[in-house]
Amino acid sequence: MSKGAKITLGILGGLVLIGGCNAVVSGGKGTGGTSAAADVPAPTVTVTVTRTVTAPAPAQAAPTVTATVVVTQPAEVPPPAKETPAAAPGDTVPGSGTYLVGEDIKPGTYKTAGPGSRGMCYWERGKDAAGGFESIIANENLTGQGVVTIKSTDKVFKTQGCQEWVKSK
């Protein structure tokens, strides 16, 4: 490879490196702002190199190399969907979430088919929303079907990794 071609490839590599680093440091926005690199997908870098060689010349004529660097930023990735409790107390409850008794869930007896796709199902009745050990009235880890009776005196019902809870009639 000729000296001119090596210099050109070195410059091209520098352009790719600078373009890629700027995209990652700026959070993929090209503004120099700060953003966690783990939250932003890596940019796509497309490099097109065209080498045009002219007819051989007696002197040390270096071939002409044309390089085009295109850095394509991926579309913004939306944040993960947040868990939202039911709009009004109903007869079914999603398998993961924290629900206020009387607001998000009606008191009563509920059944679940058991763990969801992750193979783990946990439920908890609580006297308050503090979430500490002393807040727990009753809890259980299910490996199969389960039943829980939520009392009107309970303040919170927590469930994680379960299939939908359905109120018994």
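Is Q160 buried, exposed or partly exposed? Hold on to that one for a moment, everyone, and thanks for coming. What we have on screen is a predicted model, so please keep that in mind as I walk you through it.

Now, back to Q160. Its relative accessible area is 41%, and because buried means under 20% and exposed means over 50%, Q160 counts as partly exposed. You'll find this residue in strand β9. If we set aside the neighbours within four places in sequence, Q160 is in contact with G95, S96, M120, C121 and Y122. Y122 deserves a second look, as its bridge partner in β9 is Q160. There is also a distance you can check on screen: the C-alpha atoms of Q160 and N141 are 9.5 Å apart, with their positions 19 residues apart along the chain.

Let's zoom out to the sheet around that residue. Strand β9 covers residues 156-160, and five bridges join it to β6, with the two strands running antiparallel. Both belong to an open sheet of four strands, in the order β4-β9-β6-β7, with antiparallel pairing. Which strands stand at the edges? Those are β4, residues 97-100, and β7; each has a single partner strand, so one side of each has no neighbour in the sheet. On average, neighbouring strands here are turned by 10 degrees against each other, if we ignore direction.

There is another open sheet to show you. Here four strands line up as β3-β10-β5-β8, and the pairing is antiparallel. Its edge strands are β3, at 92-93, and β8, at 146-150, each pairing on one side only. Follow β8 inward and you meet β5, residues 108-112; these two pair in the antiparallel sense over five bridges. For a concrete example, take T109, whose bridge partner in β8 is T149.

Next, the nonpolar core. How many residues does the largest one have? The count is 13, and the residues with the most contacts inside this core are I105, Y110, V148, I150, F157 and W165. Strands β6 (121-126) and β8 each supply at least two of the core residues. As background, nonpolar side chains tend to be buried together in soluble globular proteins.

Two names from that list come up again. F157 and W165 are both buried. The structure holds one aromatic pair. That pair is F157 and W165: the ring centres are 5.6 Å apart and the planes meet at 85 degrees, so we call the arrangement edge-to-face.

Let me finish with a loop residue, D128. Where does D128 sit? Its place is the loop between β6 and β7, the latter being residues 136-142. At 30% relative accessibility, D128 is partly exposed. What does its side chain reach? One partner is the backbone nitrogen of A130, at 3.0 Å. The D128 side chain also makes a polar contact with the side chain of S135, at 2.5 Å. Not counting residues up to four places away in sequence, D128 touches S135, K155 and V156. And for those of you who like to compare positions along the chain, D128 and D154 are 26 residues apart, while their C-alpha atoms are separated by 7.8 Å.

That's my tour. Happy to rotate the model to any of these spots.

Notes: Residues numbered from 1 in each chain as written. Predicted model: local features only at pLDDT ≥ 70, side-chain atom pairs only at ≥ 80, totals over all residues. Heavy atoms only, no water. Pairing = 2+ DSSP bridges. Core = buried A, V, L, I, M, F, W, Y, C linked by side-chain atoms within 4.5 Å. Buried < 20%, exposed > 50% of the residue type's maximum accessible area, 1.4 Å probe, protein only. Contact = heavy atoms within 4.5 Å. Polar contact = N/O pair within 3.5 Å; in protein donor to acceptor, adjacent residues only side chain to side chain. Axes fitted to C-alpha atoms, helices over the stretch in contact; angles between N-to-C directions. Phe/Tyr/Trp six-rings, centres within 6.5 Å; stacked < 30°, edge-to-face > 60°.
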